Amino acid sequence: MTTIFDSIQIKNIKIQNRIVLPPLVRFSIIEKDGFVNDKLVEWYETIAKNGVGLIIVEASSVSENGKLRDNQLGIWDNKFIPGLKKIADKVHEYNTKIMIQVHHAGFKEKITDVSTEELDIILEDFKAAFKIAKTASFDGIEIHGAHTYLLSQLASHLWNSRTDKYGGDFNGRMHFAERLITETREIFNKDFILGYRMGGNEPELIDGIKIAKFLENLGIDILHVSSGIPNPEYKKEKKVDVPQDFPLDWVVYMATEIKKHVKIPVIAVRKIKKESQASWLIENNYVDMVAIGRAMLSNPDWIGYAKKLFLKRKENEKKENEKKEEKKCNGVARNAHENKENNELINIDIFCKIVDNYGDIGVVLRLGKELKKTLENKINLRIIISKIDELIAINPKIKDLDYQEFNNITYITNSYFEKNIQKLGVANLVIETFGCGIPDYYMELAYFNSEYILNLEYLTGEKWVNDFHMKESLLPKGSVKKYFYFPGFSEEAGGLVIREQIRKKVNAHKEKYLKKYYGEFLNPEKKLKGTIFSYEKNFIPFFDALKKLDEEVILMIFSTKTQNSIKNIFNKKIFGNAYKYGKIEMKFSKFLSQDQYEEIINVSDFNFVRGEDSATMAVTSGKPFLWQLYPQENNTHMEKLEGFLDTYTTFLNKNNKNIDDKNLTANLIKLFKDYNDKVDNYLDLGNESYLYFLKNIKNIERANIVFADYLLSKCNLINKLKSFIYEFLGGKK
Ligand SMILES: Cc1cc2nc3c(=O)[nH]c(=O)nc-3n(C[C@H](O)[C@H](O)[C@H](O)COP(=O)(O)O)c2cc1C
């Protein structure tokens, strides 16, 4: 990228930067004789000393009667050479290059009335002035072809209605300029620049563009775009149409447009005051040089001022870049496409807030582990949780740290993440679990840097989720896309977080697992084995049913809530972790890890489960189960339950032609509903319902296995997520 402080080479002449002092007549300094005086030299010296790249000395008249004002600099006679040379030499001492503008004021609207001969003479005056400038050690001249003066008058079809060689069509109107250029070629060697200040609107921009191309073809070295003779229809400040979003002056706009049509360097001018404006033009290659007129008059050290701001801006940009680099080093992506191309890992962040009973974090941990297992070296996975102790409760191997890696997953607390967000960055794929909300500090970055956000909802069997799964959820801003992700018990929904290998493993080594979990009981294989994990509940009818069974029973009881609910039935008779009640043996088990809990589910004959994670384990084990949903105030959990029962029993009815008992699904529906009804009617849940369940264990299992097989093969959330990741995020396969 070119900056305003980069040099530019024109022919053999190297200009140290892109800033130009445009021609500015100093009438107040100059006498009527048109000679250079010390004050004028001093003025140009000041500008050169401050480091401008190029000075274009003010309009100097090529003939005594071509002046604009009496006290205008003259270049019509060799007598001016020493004075002019003083300026050029002084400026050269500071490594600033210097050109001089040669000018004839012309005849305004009367240009048509001027004789051909007079124009021929003026042409010769110009040629002579070029030579004077060269002799006076200038680096080049600028023909003043703008601002309604002679060459502008000739070029303008508004004013020039001449019928001789200097008028007529476009070529006629440009004939004077053409002759000037072609007849002085020998003067403009590699060390002498031929510049042209033209009107970008002569009268329209389209005419300006035509003139620019014409001049380039003739061999002009540099174009300086200013204003011409405007179309009188433009009454406003702008004399051409400028796009609304163009931030600078209309004359500057014309320069940027003309630059698009020529290869030679273009200077822009007018109302460029700030460093940022000049830099914007150069850094975006809109023009090649910028002229600073009045701003330089009021602050001759404009360059010094600009340099300070420029360096400050560059320093900030450097810091920004370093920050970006640092983020890259942390392996955290801001752009998934970048990753794809670089064949890098895909970053996934899972947000989780533990609301109650560890169910949420349970699902998140399973999700994390399974994702990592399936996509092992393709992803970086971070789990961001509200508090670390909740995690430790579920996995004691996790340490009490705000940031840690465990089994290739990074666990970070929310507060730590917030403090280090700049360093840690955001991920390609963000998974928000159970509407926990992604914190604002994260979202601000994610809006524009992440690729996808999945809003992972609670598991529900309700059928409407089939329609809403993967529907877009609109965000207020940014490029990131957010989708609803509904886990569910059907192919159309998002599936279940399943670990199918546990069922396979336990079934293949039944005895080993029987021993592992029921080894302390006598002949466990001959007894009915059940696990109970629930919220608070009245289990009296259940025990009544158990008493009526002929078989001996072993119950594994998990969680304080369940254990207390059962201990309450037997009052104070229970000490320690085991209790025997007739043919019923009970064990009040300690908290098991997720894997262990799923193993025992698969080796038991039936399971009473609670919440989402254990329901998934139970339903995919194929074992008969009862699911207690988290009880909600207004019984909304019952709607969820009905949705599940609908899906579950519809499937059983359709796919279990061998079920002997025609009432099986109807009985299951009643049982599940009674089991979940929060209203204090649990005594109504007659032991007959439980008895039916216990006596039909084999039947139910036969039906459930078909459902479990379907879920395992068609409704695996991890497989669905994996396809999503490949399809939408690409990455290393
Ligand atoms: C005091 C003054 C004198 C000027 N003299 C000339 C001149 O001799 N030749 C010329 O082409 N333009 C002349 N201009 C126009 C400037 O070169 C420049 O195009 C104009 O001031 C707009 O740029 P600015 O906004 O940076 O000042 C003059 C402008 C001012 C204010």
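Which residues touch the most other members of the largest nonpolar core? Select Ile348, Ile350, Cys352, Ile385 and Leu429: of the 107 residues in that core, these are the ones. A nonpolar core here is a set of buried Ala, Val, Leu, Ile, Met, Phe, Trp, Tyr and Cys residues joined through C-beta atoms within 7 Å. Buried means that 20 or more other C-beta atoms lie within 10 Å of a residue's own, with C-beta atoms placed from the backbone.

Before you click on, two notes. You're looking at a predicted model, where local features need pLDDT of at least 70 and side-chain atom pairs count only at pLDDT 80 or more, while totals for chains, interfaces and linings use all residues. Residues are numbered from 1 along each chain as its sequence is written.

Next, colour helix α13 (residues 359-375), which gives the most to the largest core, with 7 residues. Helices are DSSP runs of H or I, at least four residues, and strands are runs of E, at least two, numbered from the N terminus. Domain 2 (336-485) and domain 3 (500-714) both give residues to this core, so it lies between them. Those bounds come from an automatic or database domain assignment.

Now hop over to a second, separate core of 97 residues, which includes Val102, Ala105, Ile132 and Val287.

Last stop: the ligand. Of the 19 residues around it, Pro22, Pro23, Ala59, Gly293 and Arg294 come nearest; to count as near, a residue's C-beta atom, placed from the backbone, must lie within 6 Å. Select β4 (54-61) and α10 (294-298) too, since each supplies at least two residues of the shell.

Technical notes: Buried ≥ 20, exposed ≤ 12 C-beta atoms within 10 Å, placed from the backbone.
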